[in-house]
Amino acid sequence: MTQSYALEELQRETTFGGTGSESERDVPVIDLSNFEERREQIADELWHAATEIGFFQLKNHGIARSEIDAAFRESDRFFKLSDDVKAQWPRPRGVNAGYETRSQIRPSTGTADEKESYQITQYHMDGLWPTEDELPNFQGNILSFEQQCWKVGMKVLSCFADKLGFERDFFTKAHDPQQSDYQSTLRLLHYYPTQGVTEQGNIWRAGAHTDFDCLTLLFQHEGHGGLQVCPGKEADTKQWTSVPPIADVITCNIGDMLMRWSDDQLKSNLHRVRLPRVDEYCGSRYSVAFFCQANKTQIIQGPNKRYQAITAQDFLNQRIQANFAKADL
């Protein structure tokens, strides 16, 4: 990341530290059914959503509702472990893997997100998996779901490859899970219950930020709201729109990596998770996210070379360090 690019991202996030106003916008819902037969139409719809808004939802994406429900059950099993047990698998310095709690501090707020999370990045998991005695079948079940997420992500990215003038399988090769420098990440998230802290001060379940990957696939638990988006081309309005939590729909957003890779044609989108209001559900909030992050040695440079070339590893390291407490880097 060049210094100017990093500064722009930091300024954009810190500008949105306040609450801002809320408004209604349509979040595009794109149907992926009959994908190969409808590829051109789907690519057009994805391109419009990604260049104009940066946020969209997918239906008929190929992951069964039963598989999504099963992933949330695995997440629930993990987070129900005692704090002492989870603390056995801390996120290593500078690596997006393992367990953390209240360590992610957004530049937009300066306060820790009210959440705990567990990151699965396949080739960084030595010593970070629960044992079979602690969580039987957990590793196998989670990796199976991760592979399903990867397949959906590569479908979407293949459409962007077409539009950017790359070979159709360009991003699939750039996110190759068979290579040891693969660094796409599945993240289980638990946002803490908020009784007693609702609407109090500068406290957020997740402060305003952009993601630093290529593409994020987010699974929201039915009834667990709070996700809000401020679309890329309308960011200066500081108006936030709530994204409904629908169990069998995948909510997607463009990340900083793909925005840079597209020479800023695709918009990395500001989003946040607000605290519930007093008349809303205030219990635990769960979500599961998959981050499509190019392999470490992959060179990121757009077709028009607007930014200097950088490896995906260097790009992500810089973004991770900007979003975690210094003690955890």
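**Backbone outliers, a buried strand and aromatic pairs in a predicted model**

Asparagine 34 lies in the loop that connects strand S2 (29-31) with helix H2 (39-52). Although asparagine 34 is not a glycine, its phi is positive, at about 50°. The residue is exposed, and its relative accessible area is 53%, a value that falls in the exposed class because the cut-off is over 50%. Another non-glycine residue with a positive phi is asparagine 137, for which the angle is about 65°. Asparagine 137 is also a loop residue, placed between S5 and helix H5 (138-164). These features, like those that follow, belong to a predicted model.

The secondary structure of the protein consists of 8 helices and 15 strands. Of the 329 residues in the protein, 57% are buried. Contacts between residues at least 6 apart in sequence join residues at least 24 apart in 78% of cases. The exposed area of the protein is about 13,600 Å², of which carbon and sulfur atoms supply 47%.

Strand S6 (residues 185-191) is largely enclosed by the rest of the structure, because 7 of its 7 residues are buried. In a regular strand, side chains alternate between the two faces of the sheet. In S6, Thr185, Arg187, Leu189 and Tyr191 point one way, while Leu186, Leu188 and His190 point the other way. All of these residues are buried, including Arg187 and His190.

S6 pairs with strand S5 (residues 115-120), to which it is joined by 6 bridges in an antiparallel arrangement. Within this pairing, tyrosine 118 is located opposite leucine 188 of S6. S6 also pairs with strand S13 (residues 285-292), again in the antiparallel sense, over 7 bridges. Here leucine 188 stands opposite valine 288 of S13. Leucine 188 thus has tyrosine 118 opposite it in one pairing and valine 288 opposite it in the other.

Aromatic pairs number 14 in the structure. One of them is formed by phenylalanine 79 and tyrosine 286, with a centre-to-centre distance of 6.4 Å and an angle of 45° between the planes, and is classed as tilted. This pair links distant parts of the chain, since phenylalanine 79 belongs to helix H3 (residues 65-79) and tyrosine 286 to strand S13, with the two positions 207 residues apart in sequence. Phenylalanine 79 is buried, at a relative accessible area of 6%. Tyrosine 286 also counts as buried, with 16% relative accessibility, because the limit for that class is under 20%.

In a further pair, the ring centres of phenylalanine 171 and tryptophan 261 are 5.1 Å apart and the planes are at 90°, so the geometry is edge-to-face. This pair also links distant parts of the chain: phenylalanine 171 is in helix H6 (residues 170-174) and tryptophan 261 is in helix H7 (residues 256-261), 90 residues apart. Both phenylalanine 171 and tryptophan 261 are buried.

A single aromatic cluster is made up of Phe78, Phe79, Trp89, Tyr99, Tyr118, Trp129, Phe138 and Tyr286. Both members of the tilted pair, Phe79 and Tyr286, are included in this cluster. Another member of the cluster is Tyr118, the residue opposite leucine 188 in S6.

Definitions and conventions:
Residues are numbered from 1 along each chain as its sequence is written. This is a predicted model: local features need pLDDT of at least 70, side-chain atom pairs count only at pLDDT 80 or more; totals for chains, interfaces and linings use all residues. Side-chain values use heavy atoms; hydrogens and water are left out. Buried means under 20% relative accessible area, exposed over 50%, partly exposed in between (1.4 Å probe, protein chains only). Helices (H or I, at least four residues) and strands (E, at least two) are DSSP runs, numbered from the N terminus. Two strands pair if DSSP finds at least two bridges between them. Contact means heavy atoms within 4.5 Å. Accessible areas come from the Shrake-Rupley method with a 1.4 Å probe; for residues, only the protein chains shown count as cover. Rings of Phe, Tyr and Trp (its six-membered ring) pair if their centres lie within 6.5 Å; planes under 30 degrees apart count as stacked, over 60 as edge-to-face and the rest as tilted.
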